[in-house]
Amino acid sequence: MKNIQSFKRTKKVNKQIEINIKRRTVIVDDKLVYFKGVPIPSWIELSLIDVCNRSCSFCPKSDPKVAPNTYQKMNMTLIEKLTSDLKKINYKGSVVLCGYGEPMLHKDIFQICNKLAEVSFVEVVTNGDTLKSKTIKQLYNSNVNKLLISLYDGPEQVTKFKKMQKDSGVPEDFVILRERWFGADKDFGLKLTNRTGTIDIGNQDKLETFTYCNYPSYSVLIDWNGDLFLCPQDWQRRITTGNMMQSSLFEIWTGKALTKYRKDLLSGNRCNSPCSECNAEGTVLGKSHAKAWNEIYKTNENLKK
């Protein structure tokens, strides 16, 4: 009986991962937009605040030596700059509020969401600890498109948040509940990665299992101070490709740093840090972006001959 129950839980976890990938594929791969002849990102993650009220064993925040809570937070000047930059390139993708901290701890969360909604599909990813029916309603009224709540404590949270959603009066599909309470034996309901050599908990793929990666072809992560990182996997913030307050998003996106990593990863070369220490399967999303960039680089090489 125990083995049967374990199998059912594993099947349920895998199904959840599949649903999440399918949802993100529609957002990422159906939003191939060009600006000045190159594909622009369709998935931008914002780390609004560098603090979390939880300490999960599968997250680098569980180790203060690796990812300490600094309590630094993004200001509205940067949000306005990002919004302006996205308008200029006719952005059609998502801006996801998650990153290195708990976004609902930012006191300007509703103002930020409302501003970003002018130019993007807005998602908020939260552990739900600060949520009330009133808060959910405020997020909805701030033009957030999806509220994703990660449930770490147990199945009783499903009942709690479904009632909260109903009491808030928002549409049922506005809230997505993500079951994350399965424990280490079920990888916490996640597709775990080592976050570029930062953690090794759970059943993870070995280094060099994957060589190609599409992350720099379709996404960026922007930290609280405007620094752009290669992708959400770089939890030690080792490679900054530019800063939003010093350059435009498009300039950084097409700049030397991102171009170098993008070319290498599209060629199957995880030869540079932190990519060389990463075990993430980076080709799950962004296939259309990767194809577009490959065609551009191939054409440019042919022109040089």
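**Helix crossings, cores and Thr241**

Reader: Is the crossing of α4 past α5 left-handed or right-handed?
Author: In this predicted model, α4 passes α5 in a right-handed crossing (the near helix is turned clockwise from the far one by less than a right angle; anticlockwise would be left-handed). Local features need pLDDT of at least 70 and side-chain atom pairs 80 or more, while totals for chains, interfaces and linings use all residues. Residues are numbered from 1 along each chain as its sequence is written, and side-chain values use heavy atoms, without hydrogens or water.

Reader: And at what angle do α4 and α5 pack?
Author: Helix α4 (residues 133-141) and helix α5 (residues 156-168) pack at about 60°, with their axes 8 Å apart; axes are lines fitted to C-alpha atoms over the stretch in contact, with angles from 0 to 180 degrees between N-to-C directions. That makes α4 oblique to α5, since under 35 degrees is roughly parallel, over 145 roughly antiparallel, 65 to 115 roughly perpendicular and the rest oblique. Helices are DSSP runs (H or I, at least four residues) and strands likewise (E, at least two), numbered from the N terminus.

Reader: Which residues of α4 and α5 make that contact?
Author: Ser133, Ile136 and Lys137 of α4 meet Met164, Gln165, Asp167 and Ser168 of α5, where contact means heavy atoms within 4.5 Å.

Reader: OK, what about α3 against α4?
Author: Helix α3 (residues 109-116) packs with α4 at an angle of about 25°, their axes lying 9 Å apart, and that makes α3 roughly parallel to α4. On the α3 side are Ile109, Phe110, Cys113 and Asn114, which meet Thr135, Gln138, Leu139 and Asn141 in α4.

Reader: Switching topic, which residues touch the most other members of the largest nonpolar core?
Author: Leu46, Leu97 and Ile222 do, in a core of 68 residues, and helix α2 (residues 76-88) supplies its largest share, five residues. A nonpolar core is a set of buried Ala, Val, Leu, Ile, Met, Phe, Trp, Tyr and Cys residues joined through side-chain atoms within 4.5 Å. A second, separate core has nine residues, among them Tyr100, Leu192, Leu221 and Phe229.

Reader: What is Ile222 in contact with?
Author: Leaving aside neighbours within four places in sequence, the contacts of Ile222 include Ile44, Leu46, Met74, Leu78, Leu82 and Met244.

Reader: Last one: is Thr241 buried or exposed?
Author: Thr241, found in strand β10 (residues 240-243), counts as buried at 12% relative accessibility (buried is under 20% relative accessible area, exposed over 50%, partly exposed in between, with a 1.4 Å probe and protein chains only). Not counting residues up to four places away in sequence, Thr241 touches Leu228, Phe229, Leu230, Ile252, Ala257 and Leu258.
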